[in-house]
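Biologist: I keep meeting labels in structure notes and would like to know what stands behind them. Could you go through some with me?

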Amino acid sequence: MTASSFLLDWESRLYAPQRISAIVATLAEEGVGAPEALSGTGLTPDMLYSTSTRVSYAQLLTVIKNGLRLSQDPDLAFRAGTRMHVAAYGMYGYGILSSPTLLEQIQFTLKYNQVTGSVIRLLNFAREEQLAWLTMGVALSTDPTDPVYRFALEFFSASQTRICRDLYGDEFSFQAVSFVYAAPPNAERYAGYLGCPVLFGQPVNRWDINPYWLDKPSRTPDAVSHLMAEEFCQQFLTDMSHVGGVASQVRRALLEKTPRQFLTTEAMAIELGMQVRTLRRRLEAEGTTYRELLAGVRKLLAIEYLRKTRMSTVEVASRLGYSDVSNFRNAFSRWTGHTPQYYRKGGR
């Protein structure tokens with residue numbers, strides 16, 4: 001069983017702010033004020049308590065980086081993640097809460113995890129007679145040496161442990177947890193938060209689950225509520241392609257188009273059902289241009305291709321619409337400050 005992969009829309013404000021609220025509240029216990037924790041996000045403390053507030057991945061990433069800079073506690077991510085009880089996830093949380101068993105909860109999470117703006121990509125679930133496991137990627141970073149990468153996995157592992165204990169009792173724990181990154185300075189405290197053996201420097205990020213838990217009834221199964229939550233989450237995923245401003249619509253349209261066939265400004269205006277001058281004016285109001293958005297999408301795809309495929313630099317250049325590989329190399333250097341080869345070797 002696998003979850004669909006996705007490229008993040010960094011700027012669209014689509015998600016409830018509970019994760020940011022949890023980090024801000026945890027930093028407050030160290031004496032870090034909310035304005036400091038929210039610096040650079042455009043959010044105010046009062047906005048975290050409004051039901052109408054929606055945040056983007058970019059804002060969440062900024063808060064995480066602020067937390068890593070301001071906190072003196074290496075367990076910040078664990079402490080913040082532990083605050084994420086199932087009720088913090090809104091209608092998605094009701095879907096988890098009303099799942100009849102852990103297996104159906106996992107199936108629901110694999111399908112709809114994107115609804116919440118999760119810091120983690122759930123990649124694959126497998127089950128054998130003696131063991132089941134779930135593998136994970138990190139939505140916010142692809143570099144295991146990046147502190148954000150580790151923060152995301154600590155936060156998510158703590159929050160999922162909290163949710164499962166809410167539903168199945170405090171005796172719940174994963175059978176083991178594996179992480180790609182090397183053992184961090186607080187490695188000895190991982191088992192205390194997760195309640196199971198923890199391995200570092202492994203090939204994949206993975207939770208091992210005793211099959212005993214998979215078919216164990218939850219404390220609050222409800223078929224009607226579960227169906228309602230599924231309908232809500234499915235509608236949210238459908239609506240995602242129509243919200244977030246014109247810049248987000250342009251990004252999505254560019255990502256959906258076949259490489260080598262990126263639309264001109266005129267063709268994009270037709271795609272979005274507006275006049276060219278209207279498209280330019282609305283993008284200007286959002287602080288960007290079509291040229292900047294196209295460059296951003298090319299940069300994102302170039303890094304993905306270099307890191308995750310065996311395509312040569314010439315092939316990547318061609319796929320992104322460059323007839324001259326030297327022009328691609330020059331553009332890539334402007335975008336990232338590095339050569340394509342740097343990213344091919346695993347650079348951040």
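Modeller: Happily; let us take the labels in turn.

Modeller: This is a predicted model, in which local features need pLDDT of at least 70 and side-chain atom pairs count only at pLDDT 80 or more, while totals for chains, interfaces and linings use all residues. Residues are numbered from 1 along each chain as its sequence is written, and side-chain values use heavy atoms, with hydrogens and water left out.

Biologist: Why is Asp75 called buried?

Modeller: The label buried means under 20% relative accessible area, exposed means over 50%, and partly exposed lies in between (1.4 Å probe, protein chains only). Asp75 has 5% relative accessibility, so it counts as buried.

Biologist: And what makes Arg189 partly exposed?

Modeller: Its relative accessibility is 34%, and therefore Arg189 counts as partly exposed.

Biologist: How do you know that Asp75 forms a salt bridge with Arg189?

Modeller: A salt bridge needs a side-chain nitrogen of Lys or Arg within 4 Å of a carboxyl oxygen of Asp or Glu. For Asp75 and Arg189 the closest N and O atoms are 2.7 Å apart, which meets that cut-off. This pair links distant parts of the chain, 114 residues apart: Asp75 is in the loop between helix 3 (57–70) and helix 4, and Arg189 is in the loop between strand 3 and helix 8 (190–194). Helices (H or I, at least four residues) and strands (E, at least two) are DSSP runs, numbered from the N terminus.

Biologist: What separates Arg162 and Asp166 by about one helical turn?

Modeller: They are separated by about one helical turn because they are four residues apart in helix 7 (residues 147–168). Their side chains meet in a salt bridge, at 3.2 Å from N to O.

Biologist: Which residues does Thr82 touch, not counting those up to four places away in sequence?

Modeller: Thr82 touches Ala158, Arg162 and Tyr193, where contact means heavy atoms within 4.5 Å. The C-alpha atoms of Thr82 and Ala158 are separated by 5.3 Å, though these residues are 76 apart along the chain. Thr82 is in helix 4 (residues 76–82), and at 32% relative accessibility it counts as partly exposed.

Biologist: Last one: how do you know that strand 3 and strand 5 pair?

Modeller: Two strands pair if DSSP finds at least two bridges between them. Three bridges join strand 3 (residues 176–178) to strand 5 (residues 205–209), so the pair qualifies, and the two run antiparallel. Within it, the bridge partner of Ala176 is Asp208. The open sheet has five strands in the order 1-2-5-3-4, with mixed pairing.
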